[in-house]
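Reader: I'd like a close look at a single part of this model, the stretch where the aromatic rings get together. Could you walk me through what sits there, and then how it fits with the rest?

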Amino acid sequence: MLTQPIDIPEHDPLAIPAKKAIIDQILQNNQGKPGATMVVLNELQSQIGFVSESMQQYVAHQMQVPVSAIHGVVSFYSFFTTTPRGRHTVKFCMGTACYVGGTPQLIEKAKQILGIDPGQTTKDGAITLEVCRCVGACSQAPVIAIDEEIAGRVRPNKLPQLLRPVQQSG
Ligand code: FES
């Protein structure tokens with residue numbers, strides 16, 4: 001429930017009339033339907049490209065559900081992002097085999113190369129780093145996915161070479 005006004009940053013979709021109209025339309029189409037929260041959040045992610053903090057507060061207010069419930073869904077499913085995704089996504093598998101096999105070291109190396117943490121996007125909008133659950137290629141641990149391409153047995157010193165094409169393709 002809304003207890004204080006929503007702080008809407010200048011570039012938030014809620015501050016852009018065309019985007020706000022889409023958000024309101026999605027909310028209106030799903031008002032009162034069972035499972036509406038999930039449907040609304042899915043549509044916002046697909047149509048707007050992300051679900052910002054302000055959008056989460058707005059949805060909670062409009063649907064009369066606690067912000068914590070909305071936030072819980074958005075942070076649980078990796079499908080949702082709170083900022084726009086980059087043109088390419090690099091995912092690090094955090095399943096047990098990959099984790100034990102060296103995913104933390106790969107993430108560390110990626111941070112050095114790109115200057116961002118998982119969940120963030122490079123300033124030029126080229127790459128978003130994410131973590132994911134087991135992708136079913138455990139025998140090749142540690143595994144990363146660059147867009148839809150899986151790369152296995154990745155070593156930190158191989159990462160620059162693997163990332164170069166997506167860094168350069170813009
Ligand atoms: S644990 Fe990474 S692919 Fe299964």
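Author: One cut-off first, as I'll lean on it a lot: a residue is buried when its relative accessible area is under 20%, exposed when that area is over 50%, and partly exposed in between. Keep in mind too that this is a predicted model.

With that in hand, take Phe80. Its relative accessibility is 6%, under the 20% limit, so Phe80 counts as buried. The rings of Phe79 and Phe80 form an edge-to-face pair, because their planes stand at 65° with the ring centres 5.2 Å apart. Phe79 itself is partly exposed, at 39% relative accessibility, so here a partly exposed ring pairs with a buried one.

How many aromatic pairs does the model have? The count comes to 3. One of them joins Tyr77 and Phe80: with centres 6.4 Å apart and planes at 75°, that pair is edge-to-face too. Tyr77 is partly exposed, with a relative accessible area of 39%. Put the pairs together and you get a cluster of Phe76, Tyr77, Phe79 and Phe80, linked by their rings. There's also a charge in the picture: the charged end of Arg133 sits over the ring of Phe76, at 5.1 Å from the ring's centre.

Now look at helix α4, which spans residues 67-76. Which of its residues are buried? They are Ile70, Val73 and Val74. These three lie on the same side of α4, because the arc they cover around the axis is only 95°. The general background is simple: an α-helix has 3.6 residues a turn, so residues three or four places apart point the same way. The other side of α4 has exposed residues, Ser68 and Ser75. So what lies over the buried side? Helices α2 (36-48) and α3 (53-63) are among the elements covering the buried residues of α4.

Just before that helix there's a small backbone oddity. Gln64 has a positive phi of about 55°, although it is not a glycine. You'll find Gln64 in the loop between α3 and α4. The Gln64 residue is exposed, because its relative accessible area of 58% is over the 50% limit.

Stepping back from α4, how do these helices share a core? The largest nonpolar core has 22 residues, and Ile23 and Leu44 have the most contacts inside it. Helices α1 (17-30), α2, α3 and α4 each supply at least two residues of that core. Leu44 gives you a feel for the packing: leaving aside neighbours within four places in sequence, Leu44 is in contact with Ile23, Ile26, Gly49, Phe50, Val51, Met55 and Val59. A second, separate core has 17 residues, including Phe92, Ile116, Leu159 and Val166. As a general rule, nonpolar side chains tend to be buried together in soluble globular proteins.

Over among the strands, Val90 makes a good landmark. Val90 sits in strand β1 (residues 88-93) and is buried, with a relative accessible area of 0%. Apart from neighbours within four places in sequence, Val90 touches a string of residues: Ile127, Thr128, Leu129, Glu130, Ile144, Ala145, Ile146 and Leu163 are in contact with it. Val135, by comparison, is 45 residues along in sequence from Val90, and their C-alpha atoms are 13 Å apart in space.

A couple of backbone details in the loops round this off. A cis peptide bond joins Ala141 and Pro142, with omega about -5°. Pro142 lies in the loop between β2 (127-132) and β3 (144-146). Then there's Arg153, another residue other than glycine with a positive phi, near 50°. Arg153 is placed in the loop between β4 (149-151) and α7 (159-169), and it counts as exposed at 53% relative accessibility.

And the cysteines? Cys98 is buried at a relative accessible area of 3%, whereas Cys138 is partly exposed at 40%. The disulfide count for the model comes to 0.

Methods: Residues are numbered from 1 along each chain as its sequence is written. This is a predicted model: local features need pLDDT of at least 70, side-chain atom pairs count only at pLDDT 80 or more; totals for chains, interfaces and linings use all residues. Side-chain values use heavy atoms; hydrogens and water are left out. A disulfide is a pair of cysteine sulfur atoms within 2.5 Å. Buried means under 20% relative accessible area, exposed over 50%, partly exposed in between (1.4 Å probe, protein chains only). Helices (H or I, at least four residues) and strands (E, at least two) are DSSP runs, numbered from the N terminus. The arc is that of the directions from the helix axis to the C-beta atoms. Contact means heavy atoms within 4.5 Å. Rings of Phe, Tyr and Trp (its six-membered ring) pair if their centres lie within 6.5 Å; planes under 30 degrees apart count as stacked, over 60 as edge-to-face and the rest as tilted. A charge sits over a ring if NZ of Lys or CZ of Arg is within 6 Å of the ring centre and within 35 degrees of the ring normal. A nonpolar core is a set of buried Ala, Val, Leu, Ile, Met, Phe, Trp, Tyr and Cys residues joined through side-chain atoms within 4.5 Å.
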